[in-house]
Amino acid sequence: MIYLDFAAATPVHPKVLEAMLPYFSENFYNPSAPYLPAKHLRCEYEAKKSALAQTIGAKSPDLVVTAGATESINLAFTVLENYPDAEALILATEHASVRESARHYAKKVAEIAVDQTGLIDLKDLTAKITEKTVLISVAIVNNELGTIQPLSEITEIIRRTREQRLAAGNLTPLYLHSDASQAASLLDLSVARLGVDLLTLNSAKVYGPKGIGALYISRGVKLSPISYGGGQEMGLRSGTENVPLLMGFAEASVRAKSHISASRKKYENFNQLFRQILTEKSLVAPKFLGNKKHQLANFCPICFDGLDAERLIFKLEDRGILLSTGAACAASKGQKSHVLSAIGLTDSEITGSLRVTFGELNTEEQIREAASVIAEVANQEAKRIRLGQTGGVAHV
């Protein structure tokens, strides 16, 4: 089996699993309990949380641990509750959790346009900021195209807007949130360098356990609780701490950061090889989506215009290759990708689009085989369609 859908989920790394195991069994205590073993556990938990925070250049009190990226995003958008007429700006290609959170919390939501590669239109961003805009949300890396957004240029626009507001006596704050779910294993996420006020982290994409994430909150940003109870996580996310998963999340994040350069080089080589073989062997010329110069190294989204990607996926699974048509949550519902629509693809191109993402399980041999088989299956589908159009019978 060749797995090529690492943007959807990554396996838990053996070292991460090893770090977690003791906290499922012998070290099972509630960190809030008063006896010594529980107090020791509290210290271990806080140390690991601090290590997780350090991977983004932050401190432990800056992080709220959540049940995953979706919950982190929902928590980030509660900043809008402090401003009755608050408006939000989101990129047109944002994940469903950002789109739905914006609709729920904002008085008004506007979408920022992107170009045909998925890069933000900075002029459109500037034009759509109003006096009531409180939150702008732009993912560092898009989850379908792998497009890397120029956050430094976005933060510069925000900085100028803040200055203009102050000069005009407008005290409405302007915050930047970014979903970094896809980025942590291949990009430096220093919050100081990025200039973000809120940053979403996701364990499930960095070879850590599913069901845990975190939200970085800059000092002075006020959010509202999303659950009530014992007051854990600074009162923003009550509930007994998930110690085993936090241990794994921190281990995975520290490990990912230490391997960024090596991982990036490996995936760049995989990407080049995959594209070369696929192009050479395909009868239907594949269209590679996104901007190669501004794309995460392990992303290779492709389009076979005129083919049915869902048919390709089923046939590829029969050949032992697992990949997807796009975001797993949208694909499972049979929805047309709003991301591919936003970059101007036709319905025919969207129907024929596949998301290929590489990961640690892959080898060069697998990449060669996968590219060859994908080309072969696409060629078979193209012949079947051609014969059907000419009244022939396809034997494939």
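The following conversation asks how several descriptions of this predicted model are reached.

Biologist: Why is Thr 155 called buried?

Modeller: The relative accessible area of Thr 155 is 19%, and buried means under 20%, so Thr 155 falls on the buried side of that cut-off. Thr 155 is found in helix H6, residues 151–167, and, leaving aside its neighbours within four places in sequence, it is in contact with Leu 176, Leu 194 and Gly 195.

Biologist: What separates the C-alpha atoms of Thr 155 and Tyr 175?

Modeller: The two C-alpha atoms are separated by 9.5 Å, while the residues are 20 places apart along the chain.

Biologist: Leu 273 is another residue I would like to understand; why is Leu 273 called buried or exposed?

Modeller: Leu 273 has a relative accessible area of 13%, and since buried means under 20%, we conclude that Leu 273 is buried. Its place is in helix H9, residues 260–281, and beyond its neighbours within four places in sequence it is in contact with Glu 364, Ile 367 and Arg 368. Although Leu 273 and Arg 368 are 95 residues apart along the chain, their C-alpha atoms are separated by 7.3 Å.

Biologist: What makes the pair Arg 355 and Asp 5 a salt bridge?

Modeller: The side chains of Arg 355 and Asp 5 meet with a distance of 3.1 Å from N to O, and the rule asks for a nitrogen of Lys or Arg within 4 Å of a carboxyl oxygen of Asp or Glu, so the pair counts as a salt bridge. Arg 355 lies in the loop between strand E12 and H14, and Asp 5 in the loop between strand E1 and helix H1, so the pair ties together parts that are 350 residues apart in sequence.

Biologist: Are these two charged partners buried or exposed?

Modeller: Arg 355 has 2% relative accessibility and counts as buried, and Asp 5, at 10%, counts as buried as well.

Biologist: How do you know that Glu 251 and Lys 48 form a salt bridge, and which helices hold them?

Modeller: The closest N and O atoms of Glu 251 and Lys 48 are 3.2 Å apart, and the limit is 4 Å, so the pair satisfies the rule. Glu 251 lies in helix H8 and Lys 48 in helix H2, so the salt bridge ties together parts that are 203 residues apart in sequence. Glu 251 is partly exposed at 25% relative accessibility, and Lys 48 is partly exposed with a relative accessible area of 26%, because neither value is under 20% or over 50%.

Biologist: How do helices H2 and H8 pack together?

Modeller: Helix H2, residues 36–54, and helix H8, residues 243–258, pack at an angle of about 30 degrees, with their axes 9 Å apart, and their crossing is left-handed. Among the residues making the contact are Leu 41, Tyr 45 and Lys 48 of H2, together with Leu 246, Phe 249 and Glu 251 of H8. By class, the contact has 10 nonpolar, two polar and five charged residues.

Biologist: What makes Lys 287 and Glu 349 a salt bridge, and why are they described with separate words for burial?

Modeller: Their closest N and O atoms are 3.4 Å apart, which is within the 4 Å limit, so they form a salt bridge. Lys 287 counts as partly exposed at 37% relative accessibility, whereas Glu 349, at 14%, counts as buried, because buried means under 20%. Lys 287 lies in strand E9 and Glu 349 in helix H13, so the pair ties together parts that are 62 residues apart in sequence.

Biologist: How many salt bridges does the count come to by this rule?

Modeller: The count comes to 21 salt bridges.

Biologist: Which residues of the largest nonpolar core touch the most other members?

Modeller: Of its 95 residues, Ile 136, Ile 140, Leu 199 and Phe 304 touch the most other members, and the largest share of this core, nine residues, comes from helix H14. Phe 304 is in contact with residues including Leu 278, Val 284, Leu 312, Leu 354 and Ile 374, when its neighbours within four places in sequence are left aside. Apart from this core lies another one, of 23 residues, among them Ile 90, Ala 102, Leu 135 and Leu 215.

Key
Residues numbered from 1 in each chain as written. Predicted model: local features only at pLDDT ≥ 70, side-chain atom pairs only at ≥ 80, totals over all residues. Heavy atoms only, no water. Helix = DSSP H or I, 4+ residues; strand = E, 2+ residues; numbered from the N terminus. Buried < 20%, exposed > 50% of the residue type's maximum accessible area, 1.4 Å probe, protein only. Contact = heavy atoms within 4.5 Å. Axes fitted to C-alpha atoms, helices over the stretch in contact; angles between N-to-C directions. Left-handed = near helix turned anticlockwise from the far one by under 90°. Nonpolar A, V, L, I, M, F, W, Y, C, P; charged D, E, K, R; others polar. Core = buried A, V, L, I, M, F, W, Y, C linked by side-chain atoms within 4.5 Å.
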